[in-house]
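Walk through the ligand site of this model with the structure open. Begin at the metal and work outward.

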Amino acid sequence: MSEKIYVFKRFERFWHWSQAALIITLMLTGFEVHGSYVLFGFGKAVDIHTVAAWSLVTLWVFAIFWHFTTGEWKQYIPTLDKVDAMIKYYLMGIFTHAPHPFKQTVVTKHNPLQRLAYLGFWLVISPIIWFSGWFYLFYASWAAWGVDRYLSLEWVAFFHTVGAFMILAFFIVHIYLTTTGHTVTSHIKAMVTGWEEVE
Ligand code: HEM
């Protein structure tokens with residue numbers, strides 16, 4: 001038996017898909033700047049990367065405001081309750097059609113493993129990419145800020161690239177997990193329409 005619940009509000013869906021588009025753009029242009037391939041041409045890739053980075057900053061300001069005014073930030077408070085059951089489910093249960101250990105509701109829309117993963121994204125990966133990205137962007141101002149004695153461009157680029165690979169790994173796992181809902185596309189549909197089909 002399945003039923004439908006409304007989990008993702010309009011702003012949340014807008015935020016999710018614009019963020020996805022910007023992060024994909026940042027990955028495509030960033031790895032080109034890194035030298036992994038040629039797609040837009042180096043100069044253009046740099047320009048697009050900069051515009052997408054500023055757009056993402058703007059989007060995040062609105063998203064953070066939204067999370068705090070709606071109280072939705074509480075969805076990210078971590079819990080270890082049932083984390084072991086979730087890991088077991090993704091490693092084994094999912095292949096033997098065992099029941100999902102977590103029941104999604106409007107109040108708790110993330111399973112415990114998702115909470116930890118998203119919190120890790122916000123607290124570990126984002127600061128790495130943001131701080132290194134800012135210092136990279138404002139390299140010309142280092143001397144004026146008096147930080148040129150402490151920083152080297154090689155290290156900033158290194159940390160930025162580490163952050164980029166972490167985002168790439170997160171992205172791949174994230175896409176795989178979108179297919180593990182009630183049906184292969186039910187999670188994706190929920191992020192488009194807001195309505196999730198649950199057991
Ligand atoms: C969120 C996803 C992001 C990814 C995946 C990403 C990825 C990358 C990669 C792989 C490079 C090449 C690094 C190198 O080899 O030296 C790069 C360069 C750069 N990134 Fe990012 N980046 C992201 C976000 C940001 C943000 C938020 C900022 C600024 C606040 C930023 C600013 C820069 C700058 C200034 C460069 C140097 C080249 C340029 O001017 O475009 N990036 N990025």
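Two protein atoms serve as donors to the iron atom of the ligand: NE2 of His49 and NE2 of His160. They lie 2.0 Å from the iron. Keep in mind that this is a predicted model. What is the geometry of the iron site? It is octahedral. The iron atom has 6 donor atoms, with angles of 88 to 179° among them.

Now trace the two histidines back along the chain. His49 belongs to helix 2, and His160 belongs to helix 6. They are 111 residues apart, and the pair links distant parts of the chain.

Next, look at polar atoms around the ligand. His49 appears again here: a polar side-chain atom of this residue is 2.8 Å from a nitrogen atom of the ligand. Two further side chains approach ligand oxygen. In His34, a side-chain N or O atom lies 2.4 Å from an oxygen atom of the ligand. In Tyr136, a side-chain N or O atom lies 2.5 Å from a ligand oxygen. Which elements give two or more residues to the shell around the ligand? They are helix 1 (10–34), helix 2 (42–70), helix 4 (112–137) and helix 6 (153–178).

Step back to the whole shell. The ligand is surrounded by 20 residues. His34, His49, Trp130, Tyr136 and His160 are the closest. By character, the shell holds 14 nonpolar residues and 6 polar ones. No charged residue is part of it.

Finally, place the ligand in the protein. It sits in the second largest pocket.

How values were computed:
Residues numbered from 1 in each chain as written. Predicted model: local features only at pLDDT ≥ 70, side-chain atom pairs only at ≥ 80, totals over all residues. Heavy atoms only, no water. Near = heavy atom within 4 Å. Polar contact = N/O pair within 3.5 Å; in protein donor to acceptor, adjacent residues only side chain to side chain. 1 Å grid on protein atoms, 1.4 Å probe; cavity = no way out; pocket = protein on both sides within 12 Å on 5 of 7 lines; lining within 4 Å. Sits in = over half its atoms within 2 Å of the grid points. Helix = DSSP H or I, 4+ residues; strand = E, 2+ residues; numbered from the N terminus. Nonpolar A, V, L, I, M, F, W, Y, C, P; charged D, E, K, R; others polar. Donors = N, O, S within 2.8 Å, 3.2 Å for Na, K, Ca; no water. Tetrahedral: all angles 85-135°; square planar, octahedral: opposite > 155°, others 65-115°.
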